[in-house]
Amino acid sequence: MNRALYALLFHLALPLILVRLLWRARRAPAYSKRIGERFALRLPELQPGGIWVHAVSVGESIAAAPMIRALMARHPDLPITVTCMTPTGSERIKALFGDTVQHCYLPYDLPWAASRFLDRLQPKLAVVMETELWPNHIHQCARRGIPVALANARLSERSARGYARFGRLTAPMLAELSLIATQTEAEAQRFKQLGARDASVQVTGSIKFDLTIDPALPERAAQLRQQWGAATRPVWIGASTHTGEDEILLAAHRLLVEEQPSALLILVPRHPERFGSVYELCRKQGFPTVRRSRDEPPQTQTQVMLGDTMGELLFLYALADVAYVGGSLVPTGGHNLLEPAALGKPVLTGPHLFNFLDIAAQLRDAGALGEVTSAPELAAAIKLFWGDPEQAERARAAGLAVLRNNQGALDRLLAGLKALLG
C-alpha cells in the first residue's frame with residue numbers, strides 16, 4: 001500500500017469513523033464535542049511559528065510533560081502547541097499546562113486536513129510521542145521543511161511486523177523523519193529495518209525514567225490515611241485496569257479479605273467511561289465500595305475504593321502499600337511500571353508486557369517487579385509483601401535504583417531536538 005491508496009481508503013472509511021465517534025460519545029459524551037477540530041475546521045486561535053507536540057492520549061501526555069516543560073524553559077520565545085486524539089488526553093493536557101500551551105485535537109490523517117492544520121500552525125519543529133505515526137501529517141511536514149522527531153520511540157516486535165506488511169507506506173514515512181529517539185537498541189534496529197535512515201536514529205533511552213516525585217505527595221498520602229483511620233490497614237492498588245481484568249483483581253481481593261478482613265483495594269480503571277460499570281461490578285460482587293470522586297472516606301467496613309478521578313493516579317499509588325499495574329493480565333501490553341516504583345512501592349504485573357519489555361526486564365532482574373498470572377497468584381504476592389517488610393523494602397530499593405541508573409534520557413532527547421531547531 002502506498003500513500004495515495006492509504007489516503008483513498010481513509011476517505012472511504014470516514015463514515016465508519018464518524019459512526020464510531022458517535023458510538024463512543026454514547027459512553028463518553030465529550031467525543032461529540034469539537035468534532036470540527038478533527039477535520040482542521042473551527043480550530044482555536046493558534047499562534048504560529050513554535051513547537052508542535054503530539055501526544056495521542058493520557059499516558060503519552062503525562063510522559064511528554066517533563067519534555068514540554070523543559071522546552072518551555074529553554075525556548076520561552078516559541079509558542080508550544082500540544083495535540084491529542086481523545087477527550088481524556090485533552091483534559092490531562094489542560095490540567096497539566098492550563099493556558100501555558102496551545103491545545104487542540106490533531107486532525108485526522110487526511111492530506112487536506114493535515115495541510116490545513118500545518119498552514120495554520122506553521123511549526124518550526126514537530127515532536128510526536130512514542131509510536132503515533134501518521135503518513136500524511138509527516139509527509140506534509142516534510143514538504144514544508146518542518147523537521148519531525150519521534151520522541152521516546154518504542155516499537156515492539158509485534159508492531160514492527162504490522163508495519164512491515166505495509167512497507168511501501170511505512171518505509172517512505174520513516175525516511176522522512178528527522179529524528180527517531182528510541183528507548184532501546186533493539187527498537188532502533190527495528191526502525192532501521194523498516195526504512196528509517198541510519199543518521200536519524202538515536203538511542204536516547206526512555207524519558208519515563210526521568211520521573212520526579214514531589215516530596216509533598218507521599219506526605220499528603222500519609223496524612224490522608226491517618227484521617228481515614230487507615231494508617232495500619234493493609235492497602236493495595238490495582239491501577240489502569242481494562243475490561244476483563246477487574247474481575248480478576250476482585251477475586252484476588254476476596255482471597256485477601258478472607259485472611260485480613262480490614263484489607264482495602266483502591267481500584268482504578270484505565271478509561272473514565274468504565275468508572276460507572278466497574279462501580280456496579282464491585283457492588284454486585286458484594287464489596288462495600290466508595291467512590292473517590294465523591295470524596296467519600298473509606299469506613300471500617302469499606303473493602304474497595306474506586307479511583308474514579310482524573311490526574312490523581314500518582315497520589316493513589318502513594319496511598320497504597322503494594323501496586324499492581326494493569327493492562328497486563330489481559331493482552332493490552334501493560335502500562336507505566338515506573339510510577340509506583342518511583343514512589344517506592346513493590347510492583348506487581350501480569351504477563352502481557354509487550355509495550356514495556358525493556359523496562360519490565362530491568363525491574364524484574366533487579367528484584368523490583370513480580371509477575372502473576374491469576375487471582376490466587378496475585379493475592380499470594382500481595383500477602384508476601386504485607387507480611388514481610390524486609391522483602392517489601394528490598395523491592396522498594398531495587399525499583400528506585402533502576403530509576404536512578406537509567407536517568408538522563410530527557411537531556412539526550414532535548415539535545416537532539418535543539419539540533420533540529422538549529
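## A walk through two domains

In this predicted model, the centres of domain 1 and domain 2, taken over C-alpha atoms, are separated by 31 Å. To see them, colour residues 3-210 plus 408-421 as domain 1, and 215-406 as domain 2, following the domain assignment. Now look where they meet: 20 residues of domain 1 are in contact with 18 residues of domain 2.

Next stop, the largest nonpolar core, which has 43 residues. Select Trp52, Phe117, Leu150, Leu174, Leu177, Ile180 and Phe191, the ones with the most contacts inside this core. Then switch on the elements that give it two or more residues: helices α1 (3-12), α2 (14-27), α5 (111-121), α6 (135-144), α8 (167-175) and α9 (185-194), along with strands β4 (125-129) and β5 (148-153). Which element gives the most to this core? That's α5, with four residues.

Zoom in on Phe117. Leaving aside residues up to four places away in sequence, Phe117 touches Ala40, Leu43, Trp52, Thr83, Cys104, Leu106, Pro107 and His137. Apart from this core lies another one, of 38 residues; pick out Met305, Leu316, Leu337 and Val347, which are among them.

Last stop: show helix α16 (residues 375-387) and helix α17 (residues 389-406). Their axes come within 5 Å and cross at roughly 100 degrees. Angles of 65 to 115 degrees count as roughly perpendicular, so that's how α16 and α17 sit relative to each other. Add side chains to see who meets whom: Leu384, Phe385 and Gly387 from α16 meet Pro389, Gln391, Ala392 and Ala395 from α17. Sorted by class, this contact has five nonpolar residues, two polar ones and no charged ones.

Key
Residues numbered from 1 in each chain as written. Predicted model: local features only at pLDDT ≥ 70, side-chain atom pairs only at ≥ 80, totals over all residues. Heavy atoms only, no water. Core = buried A, V, L, I, M, F, W, Y, C linked by side-chain atoms within 4.5 Å. Buried < 20%, exposed > 50% of the residue type's maximum accessible area, 1.4 Å probe, protein only. Contact = heavy atoms within 4.5 Å. Axes fitted to C-alpha atoms, helices over the stretch in contact; angles between N-to-C directions. Parallel < 35°, antiparallel > 145°, perpendicular 65-115°, else oblique. Nonpolar A, V, L, I, M, F, W, Y, C, P; charged D, E, K, R; others polar. Domains from an automatic or database assignment.
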